[in-house]
Amino acid sequence: MDKKILAIFDCEENYAYRLMDFIGEKMNLPFEVYVFTNEEKFYSCIRIKEIECLLISESAYKEEVETLKIPHIIILSESGKNLNKTLHHINKYQSSENILHEIMEYYTDQSEAVPATFRTGLKKMQVIGIYSPIKRCLQTTFSLTFGQMLARKYRTLYLNFESYSGFSQMLSRSFQSDISDLMYYFECAREKLSYRLESIVETVNGLDFVPPAQLYQNLAGIKGEQWIDLFHEMDRTTEYEFLLLDLTEGVLDLWDVLRSCDRVYTISRDDGLAKAKIEQYERALEAMDYGDISAKTTKWKLPIFQELPARFEELTYGELAAYIKRQVFPELLGTRD
């Protein structure tokens with residue numbers, strides 16, 4: 001499939017090429033990125049190339065641009081003045097990640113039809129469900145550490161299903177969309193999933209994640225089969241190699257979701273109450289004909305750590321990271337990795 005052209009026209013050369021490099025690293029975008037820092041070269045290219053989306057700085061903008069046959073024009077606002085209120089404006093002076101989110105949100109909303117995307121690699125995305133009936137067992141800390149370390153070599157997406165994740169507070173970020181919005185958009189227009197993901201996905205220390213639900217009630221009515229359908233579509237249309245699911249009892253049809261995973265990791269402990277909970281959980285699986293979940297489950301008995309990093313970005317340093325490197329990675333990837 002020939003990709004459509006996203007053109008960046010900005011006379012600030014360093015800015016334009018940094019933005020191009022960032023967007024170019026995103027493997028599943030529908031665009032081939034062109035950069036122009038010279039007006040003459042831009043208008044010369046327009047005569048021979050069809051540009052789908054133009055990102056043009058306020059200082060480079062001229063009314064003549066509107067006469068060109070470009071379906072989507074976005075102005076990178078520098079002064080805050082509206083050059084043309086009918087065109088879409090985004091703030092130039094923000095992170096490249098935020099700019100890409102706004103581009104993809106605008107393009108996905110405005111485009112009635114988008115080019116289909118398909119996985120280019122032959123390997124299937126591995127889905128790893130992480131769930132334990134034991135509370136306060138470091139499940140999310142383990143998941144985030146594991147995900148960030150995995151993301152150093154493999155394209156990895158992390159989804160958190162906690163009722164109160166605290167992500168926004170821990171990362172000092174506000175999120176415009178979350179996992180409930182992703183499911184809503186998927187149900188409305190599944191063919192746009194890979195593009196919508198690019199408008200929602202955030203990154204921490206190299207690990208992509210969809211922000212957890214701000215209101216857990218928004219997930220209450222989503223059935224397990226809907227989640228499984230979403231995961232299958234991610235496998236079909238994105239380049240992610242691993243999908244990590246940080247699961248809780250709040251997920252409707254939890255056991256069906258666990259059954260759909262390639263692997264399940266359960267955090268366990270040696271104390272009597274923890275053992276009793278694990279035993280009750282496993283007996284319940286057997287009683288309800290979900291014993292195959294136990295067969296694909298690996299239980300990890302985490303040691304007592306003297307100290308754990310307080311910030312998400314620091315989790316890949318310390319005792320837990322060393323444990324994952326020494327114990328979990330060989331089991332998942334083999335000793336060669």
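# Two open sheets, a packed helix and aromatic pairs

An open sheet of 7 strands, with mixed pairing, follows the order E8-E9-E7-E10-E6-E11-E12. Its edge strands are strand E8 (202–204) and strand E12 (297–301), each of which pairs on one side only. Neighbouring strands of this sheet are turned by 25° against each other on average, direction ignored. The model is predicted: local features need pLDDT of at least 70, side-chain atom pairs count only at pLDDT 80 or more, and totals for chains, interfaces and linings use all residues. Residues are numbered from 1 along each chain as its sequence is written, and side-chain values use heavy atoms, with hydrogens and water left out.

Helices (H or I, at least four residues) and strands (E, at least two) are DSSP runs, numbered from the N terminus. Two strands pair if DSSP finds at least two bridges between them. Axes are lines fitted to C-alpha atoms, for helices over the stretch in contact, and angles run from 0 to 180 degrees between N-to-C directions.

Within the sheet of 7 strands, strand E7 (residues 156–160) and strand E9 (residues 207–210) run parallel and are joined by 3 bridges. Leu157 stands opposite Asp208 in E9. Strand E11 (residues 263–268) pairs with E12 in the parallel sense over 5 bridges, and the bridge partner of Ile267 in E12 is Trp300.

Edge strand E12 also shows how side chains are distributed over two faces. In a regular strand the side chains alternate between the two faces of the sheet. Along E12, Thr298 and Trp300 point to one face and are buried, whereas Thr297, Lys299 and Lys301 point to the other and are not. Here buried means under 20% relative accessible area, exposed over 50%, and partly exposed in between (1.4 Å probe, protein chains only).

A second open sheet has 5 strands in the order E2-E1-E3-E4-E5, with parallel pairing. Its edges are E2 and strand E5 (88–91), each pairing on one side only. On average, and with direction ignored, neighbouring strands in this sheet are turned by 25° against each other. E1 and E2 pair in the parallel sense over 6 bridges, with Leu6 opposite Val33 in E2. E1 also pairs with E3, again in the parallel sense, over 5 bridges. Between E1 and E3, Ile5 stands opposite Ile51, and Ile8 stands opposite Leu55. E1 is mostly covered, with 5 of its 6 residues buried.

Helix H2 belongs to the surroundings of this sheet: H2 lies across E1, E2 and E3 and runs at about 140° to E2. In H2 (residues 39–46), the residues Phe42, Tyr43, Cys45 and Ile46 are buried. Seen down the axis of H2, these buried residues fall within an arc of 160°, so they line one face of the helix; the arc is that of the directions from the helix axis to the C-beta atoms. The buried residues of H2 pack against strand E1 (4–9), strand E2 (31–36) and strand E3 (51–57), where contact means heavy atoms within 4.5 Å. The face turned away from the buried side carries the exposed residues Glu40 and Lys41. At the N-terminal end, Asn38 caps H2 through a side-chain oxygen that lies 2.9 Å from the backbone nitrogen of Glu40.

The aromatic side chains give another view of the structure, which holds 21 aromatic pairs. One of them is formed by Tyr131 and Tyr281: the pair is edge-to-face, at 5.5 Å centre to centre and 65° between the planes. Rings of Phe, Tyr and Trp (its six-membered ring) pair if their centres lie within 6.5 Å; planes under 30 degrees apart count as stacked, over 60 as edge-to-face and the rest as tilted. The pair links distant parts of the chain, 150 residues apart: Tyr131 is in the loop between strand E6 (126–130) and helix H4 (139–150), and Tyr281 is in helix H10 (residues 272–287). Tyr131 is buried, with a relative accessible area of 4%, and Tyr281 counts as buried at 8% relative accessibility.

For Trp227 and Phe231, the ring centres are 6.5 Å apart and the planes lie at 20°, so this pair is stacked. Being 4 residues apart in helix H8 (residues 224–237), Trp227 and Phe231 are separated by about one helical turn. Both Trp227 and Phe231 are buried. Finally, Trp300 of E12 belongs to one aromatic cluster together with Phe142, Phe146, Tyr265, Tyr323 and Phe329.

Methods. A polar contact is a pair of N or O atoms within 3.5 Å; within protein, one must be able to donate a hydrogen and the other to accept it, and residues adjacent in sequence count only if both atoms are side-chain atoms.
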